[in-house]
Amino acid sequence: MKYTAAHWGAYRIEGDELRPVEDDPRPSRIGRGWLSAARDPASRVHAPMVREGWLDGDNGAGRGRDGYRELTWDEATALVAREIRCVRKSHGNQAIFGGSYGWASAGRFHHAQSQLRRFLNLVGGYVGAHETYSHAGAEVLFPHVLGLTNRGMFDAMTSLSLVGKHCDLLLAFGGISERTAQISSSGVTRHDIGAPLDRMRERGGRIVNVSPRGSDLPGAEWLSIRPGTDAALLLALAHELVVTGRADEDFLATRTSGWPEWRAYLLGETDGAAKTADWAAPLCDIPADDIRALARALSESRSMVTVNWGLQRSDHGEQVIWAALGLACILGQIGKPGTGFGFGYGSTTPVGRPMRWIGWPSVSQGRNPIRDAIPVARIADMLLNPGAPYRFNGENRRYPDIRLVYWCGGNPFHHHQDLNRLRKAWTRPDTVIVQDHSWTATARHADIVLPATTPFERDDLMINRRDPSLIYMSKMHEPMGQALDDHEIFRRLSRHFGVEEAFTEGRDPESWLRHLWARAQGVAQENGFALPEYDSFRESGRFDVPDAFEEKVALDHFVADPEAHPLATESGRITLTNQTIAGLDLPDCPGQPRWLMPAETLLQAQADELHLVSGQPDTRLHSQNDRGSEAQSDKIAGREAASLHPETAARFGLAQGDVMRLWNARGACLAGVRLEPLLRRDCVALPTGAWFDPQVVNGAQLEVHGNPNVLTLDKGCSELSQGNCAHTALVRIEKWTAPVPPLSVDRPPRIHSGHSS
C-alpha cells in the first residue's frame, strides 16, 4: 500500500488520486486542494531563475515587479555560491540571514528548514530566528511563570479526553476550532478534536465560547466579547471570586507566589481601580451580571479555563495567558483530571491528545557558529534598522546588518504583518535567494529562485512524536520541470565550498531514510516495542505505535507535592507576580497580569471603524494550497472572502457576493463579501493566506487578492516576548464599484527563456 502525509492529514495513494486514511474520523478540508495546488503549472517554478533587475544592479528596487531569466543548475549553484562567498568575505557570516519557518513538508528528511540550516552551519553559520509566529508570547512567558518551555507545557497539557470525562464547565477564550485543529506540524493521521467535547455535552457539561465569532466553537454557549478585552474579563472574574470568598486560598498560599501583590491589584489597592464586573462590563461589552454569574458557576463546577493560541498574537498578548492562569489558580483546580488551565486546545490537532510522546530522530542541523538571532516576528525591523537597539526578555540587543537572505520552504509574505512595510524592508539586502516549489510572493521578491520538489515528487518518512502512526511517504510522480529536492540542491552547493562529504555524510536520500529508520528502531526499542525492517515498512506504508494511548494531567505532580516537585520558576511555584519580569520595568509587560489598553481598539475607534479578525483559513494551511481547487472554489470573484454580520453589511451597503475594499493607514485590499450571523457587528473577519498580490490601481497601492496582512500592525506585543500583534488592527470598509482588477498570482512572473550569461 502506498501512502503520503501532510501537516493536514495522511492519505492512501490510489493511482492518480488521494484518499484520506480510513480511520480518520474527520478528514481535513485542506487536503482536498493539495494535489491540484502542487500540479498547478502556472504557479510552479520550473527552472532556476535570476531576476533581471538584480543583474542590472537595481539594489533591490524591482523585487516583486521584475522579470526573470532562466539559468542552468550549474549556473545557478555557481551564482549562489559566489554571492555567499562575497558576503562572507566583505561582512562575515553574521550578514547572512537563514530564513525558513519549517512548514514546507511533514517529511522528516526532506525538511527544508533542517536542510538549509545544516548547509549554512557548514559554511560558517548564519543569523537565525527564535520563537514562532504561533505563540511567541507563551514561549517567553511560560518559563518565567510556570518553569516550563512552551513545548514542555504542550507535552504536559491535560488530555482533552479527561476534559470530556470530568469537566463540567469549559471556559474557552478564543474557542476550540476544528478549523485550526485540521493541522499538526510534522504530520497527522487522525482528526479527533470533537469527540471529547461531544462526550462532555452528552454528560450535560457546559461549554462557553468567549470570542467575537460564534463559529470558533460550534454548539457552545457564545459569550460575544469585544476583541482585545479578554484580559479585562479574566481580571473581573478573578476579582469576583475573591470578593465573594470563593478563592482557593490554600492553593494560592502553597502553590503560587506573588498572590498578595496581585490580589492588591485586583482589589484596586495599587491603582485605585478595582477590577469589578462593573468595571469590565463596558470594556468587554458583556453585562456585569453575566460576569458575576459566570464567576459563581466556575467556582461551583469542575472547571477548565483555556486560551487559544491566537489571543496572545495581540498587543500585550502575554497578559491574556497569564490572567487565565491566574484565574485557574484562584479556582484551585489545577492538577486535577480534566480541570485547571489549558493553552491551545484546537489550535493544532495534538494539543491535549491523550498519547505518549516519542522522541523520534531527525536530521542533525549541526552547530551554528553565529550566536546572533532575532525574534521571528521582528524581521522587518531588522532589515530596516541595522544596528538599532531593541529589548527582548530582559536582554538589550542590536539588530544585525543583513546583506544576504536565504529563504527555503516558507513564505514570510504570508505570515508577517504590515506587508507593505515588509516589502520596503525586503529591498534592503544585497541579495535574496529563495528555494521553493512555487511562485509565492516571497519567490517573486527574490533575486535568485531555485525550484524545489513537492512531497509528491520524492520519498520521505512521517514520524511525528505527537502522532501514533508512522507513514512512509511514497513518491507519486516525477518532479515538475527541473525541480530538485532540497537535499540535492544543498549537496550541489556544498561542493562549491568543499563540504559535500560533511553535508551528505556519504549518503544519498535513500540511504538517509534507511539511516533515520534504523535510529527510529532504536528509539522504539527503548520505548518497549519494535519497528519493522525498513523494506517491510516501505512496502506496507504505515505502522501504528502499540499502546499509544496515555492521558496526562498538567502539573499534577507539582500540585500533589510542591516541595518534592517544585517548578523551575524563581519561587518554585506558579508566579502570579514575577519579580524577574517586574524588575525589567517594561511598560508593556508588568510583573503581574494586568489590563493594558491595546494600541488599536474599538474602545477608541471612530464610528466607521471595524476590528479586523484575521484567523487561519479553512481551505489551506497558512498560504499553502491557495492555488488548489478547494481554496479557489471558496473565493468570491477570485478574491478571499471576508465575513460580515448581515446588519453590518447592510449598514455599509454591501450584500453577499459583492467585492469590498478594506483599508487603514498601513494599506488596502479587496475581498469578497460573505455574511456570517455569528460574528460581532463591529468586526470583519478576513482569513490569512491569500497569495499576496500588490498592484497599483487608479494610482494607489492596492492588494487585490484579499491578504489581511497588508492591514495588520507590525510591532512586538511587548518588549518581553516581541511576539506579533496580528489581532490588533482596525479597518474601514466600502463597496468596490470599479472593475475588479485581474490577479497577477494566476500567472508566473515574466520569464525570458534561454540561459543568462
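**Exercise 1. In which loop is serine 159 found, and is serine 159 buried or exposed?**

Solution. The model used throughout these exercises is a predicted one. Begin with the position along the chain: serine 159 is found in the loop between helix 6 (150-156) and helix 7. Next take the solvent accessibility: the relative accessible area of serine 159 is 0%, and the cut-off for a buried residue is under 20%, so serine 159 is buried. Then list the surroundings: leaving aside residues up to four places away in sequence, serine 159 touches Gly352, Arg353, Pro354, Glu550, Glu551 and Lys552. Finally, a C-alpha separation may be read from the model: serine 159 and threonine 504 are 345 residues apart along the chain, and their C-alpha atoms are separated by 40 Å.

**Exercise 2. Trace the pairing of strand 1, strand 2 and strand 3, and state how far strand 2 is covered.**

Solution. As background, the strands of a sheet pair through backbone hydrogen bonds, in either a parallel or an antiparallel sense. Step one concerns strand 1 (residues 3-6), which runs antiparallel to strand 2 (residues 9-14) and is joined to strand 2 by 4 bridges. Within this pair, threonine 4 stands opposite tyrosine 11, and the hairpin that joins the two strands passes through 2 residues. Step two concerns strand 3 (residues 17-20), whose pairing with strand 2 is also antiparallel and extends over 4 bridges; here isoleucine 13 of strand 2 faces leucine 18 of strand 3. The hairpin of strand 2 and strand 3 has 2 residues between the strands, and in this hairpin glycine 15 adopts a positive phi near 65°. Step three is the burial of strand 2, which is mostly covered, with 5 of its 6 residues buried.

**Exercise 3. Which residues of helix 8 are buried, and against which elements do they pack?**

Solution. First identify the buried residues of helix 8 (residues 194-202), which are Gly194, Pro196, Leu197 and Met200. Viewed down the axis of helix 8, these buried residues fall within an arc of 165°, and they therefore line one face of the helix. Their packing partners are helix 7 (160-166), strand 8 (169-173) and strand 9 (206-210). As to orientation, helix 8 lies across strand 8 and strand 9 and runs at about 125° to strand 9. Helix 8 is followed by glycine 204, which has a positive phi near 90°.

**Exercise 4. What is the strand order of the open sheet of 5 strands, and which strands are its edge strands?**

Solution. The order in this open sheet is 10-9-8-12-13, and the pairing is parallel. Strand 10 (221-223) and strand 13 (340-343) each pair on one side only and are thus the edge strands. On average, neighbouring strands of this sheet are turned by 20° against each other, direction ignored. At one edge, strand 9 and strand 10 pair in the parallel sense over 3 bridges, and valine 210 has leucine 223 of strand 10 as its bridge partner.

**Exercise 5. Describe how helix 9 packs with helix 13.**

Solution. Two packed helices are described by the angle between their axes and the distance between the axes. For helix 9 (residues 230-243) and helix 13 (residues 288-299), the axes come within 9 Å and cross at roughly 65°, and the crossing is right-handed. Helix 9 contributes Leu233, Ala236, Leu237, Glu240 and Leu241 to the contact, while helix 13 contributes Ile291, Arg292, Leu294, Ala295, Leu298 and Ser299. Sorted by class, the contact has 8 nonpolar, 1 polar and 2 charged residues.

Definitions and conventions: Residues numbered from 1 in each chain as written. Predicted model: local features only at pLDDT ≥ 70, side-chain atom pairs only at ≥ 80, totals over all residues. Heavy atoms only, no water. Buried < 20%, exposed > 50% of the residue type's maximum accessible area, 1.4 Å probe, protein only. Arc of directions from axis to C-beta. Contact = heavy atoms within 4.5 Å. Axes fitted to C-alpha atoms, helices over the stretch in contact; angles between N-to-C directions. Left-handed = near helix turned anticlockwise from the far one by under 90°. Nonpolar A, V, L, I, M, F, W, Y, C, P; charged D, E, K, R; others polar.
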